[in-house]
Amino acid sequence: MLIVWHATLLGMLLGGLFLVAGASIGVIMKGSGFRSHLAGAAMALAQPFCSCCAAPVGSALYRKGASLGPVLAFTVSSPMLNITSLILATVLLPARFALLRILAGIVVGVFITYAVSIMAKSWASENETRPGKLSGWATTLISAYSRLFHFESLFSEAAMSSPGTLISNWLSMVWKLARVMIPVLIIGAILASYIVRATPTAGNTLPGVIITSIFATLLMAPTWTEIPLAARFINDGLTGIAAVVLIALPAVSLPCLIIIAGAVRSLKVAIILGLAVFAVAVLAGIMFL
C-alpha cells in the first residue's frame, strides 16, 4: 500500500480528467472495426481500474451501445496498460520485465481481445436463446453492482462552459472514482495477501509457471499490486513466476470473467478470454525461466 498509494492518487486524477474531457471517445467505441477497438484500448490508458472495477464499467459501456470488441479492449487494457501502472513498472522492475509488461499489455489488451470479439461474432445469432443459469445470475449481479456505484454516471456528457465548470466536474469525477477504487484496493490488498500465502509453493519451473498461471488468471489483484509482487519474485530468483504474475494477475479474474459473461450473455466469450490470458502468461513464464 505504501508503494502504490501515490500512483493510485495520480491514476484517479488522470482518470477523472479523461472521463470528463474525453468522454466523446465513447461514441467511437460503438463501431465494430479495428479503429473502434483501438479506441476502447486508448480509453483505458488513463483509467486506473483493476479487472473487477474495469469489468462493470465495460459492461456499462456495452449497455450504452458500445461494441463487444472495444468493451473487451477497455476491460483488459485498463488494468494492464493504464499510464500509472506502466510508470510503476518502469521504476520498480528491471528493463526486460518492464518491456514485457508493455508488450504483453498490447498483445492481450488489443490483439487477443480483438480475436475473441471476432470469434464471438460467429457464435452470436439474431434469435439468441435464453442465457444459462450462470450468465443469468451474473447479469443480475452486475445490474445490482452497477446500481450501487452508478457506473454509467462515470461517463460525463455535461458541457464544459467555463474552466470553473471543468474543474468542478473533474473533482466530482475523481470522487466517484475514489468511492469505487479505494475500498476495492484496501479490501483486495488484504485478501490478496492471505490468498498468496495460502497458494501452493511454486518453483521456477514449468509446473510452477502453470500453477501460478491458473491462480493468477482466477484471482483478483488490486491495481498495480502485481508489480511490487513481481519485483519480489524477481529478487528471489523466480523470474518465470514474475513474468506470469505481470500478465495474468492484472488482466482478468474470476469475478471479472463472470461479469463479462453476464453482460454479453455469452459464457464462451469469458472462457475463451480467460484461456487466452492463461496461455500468454504460460508462454511468457517459459520464456523467462
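**Ser51 and helix 4 in a predicted model**

In this predicted model, buried residues account for 52% of the protein's 289 residues.

Student: How many helices and how many strands does the protein have?

Tutor: From the N terminus on, the elements run α-α-α-α-α-α-α-α-α-α-α-α-α-α. The count is therefore given by helices and strands as DSSP runs. The protein has 14 helices and zero strands.

Student: In which helix is Ser51 found?

Tutor: The helix in question covers residues 51–63. Ser51 is found in helix 4.

Student: Is Ser51 buried or exposed?

Tutor: A residue counts as buried under 20% relative accessible area, and as exposed over 50%. Ser51 has a relative accessibility of 1%. Because 1% falls under that cut-off, Ser51 counts as buried.

Student: Which residue has a side chain joined to that of Ser51 by a polar contact?

Tutor: Leaving aside residues up to four places away in sequence, Ser51 touches Pro79, Pro250, Ala251, Val252, Ser253 and Cys256. A polar contact of 3.0 Å links the side chain of Ser51 to that of one residue, Ser253.

Student: How many residues of helix 4 are buried?

Tutor: Among the buried residues of helix 4 are Ser51, Cys52, Cys53, Ala54 and Ala55. The buried residues also include Pro56, Val57, Gly58, Ser59, Ala60 and Leu61. Helix 4 is mostly covered, and of its 13 residues the number buried is eleven.

Student: What distance does helix 4 reach from its first C-alpha to its last?

Tutor: Helix 4 has 13 residues, and at 1.5 Å a residue the expected value is 18 Å. The model is close to this expectation, with a reach of 18 Å.

Student: Is helix 4 roughly parallel or roughly antiparallel to helix 5?

Tutor: The axes of helix 4 and helix 5 (residues 68–81) come within 8 Å and cross at roughly 160°. Angles over 145 degrees count as roughly antiparallel. Therefore helix 4 is, with respect to helix 5, roughly antiparallel.

Student: Which residues of helix 5 make the contact with helix 4?

Tutor: Helix 4 passes helix 5 in a right-handed crossing. On the side of helix 4, the contact is made by Ser51, Ala54, Ala55, Val57, Gly58, Leu61 and Tyr62. On the side of helix 5, it is made by Leu68, Val71, Phe74, Thr75, Ser78 and Pro79.

Student: Which residue takes a positive phi just after helix 4?

Tutor: Helix 4 covers residues 51–63. Just after helix 4, a positive phi of about 110° is taken by Gly65.

Notes: Residues numbered from 1 in each chain as written. Predicted model: local features only at pLDDT ≥ 70, side-chain atom pairs only at ≥ 80, totals over all residues. Heavy atoms only, no water. Helix = DSSP H or I, 4+ residues; strand = E, 2+ residues; numbered from the N terminus. Buried < 20%, exposed > 50% of the residue type's maximum accessible area, 1.4 Å probe, protein only. Polar contact = N/O pair within 3.5 Å; in protein donor to acceptor, adjacent residues only side chain to side chain. Contact = heavy atoms within 4.5 Å. Expected span 1.5 Å × (residues − 1). Axes fitted to C-alpha atoms, helices over the stretch in contact; angles between N-to-C directions. Parallel < 35°, antiparallel > 145°, perpendicular 65-115°, else oblique. Left-handed = near helix turned anticlockwise from the far one by under 90°.
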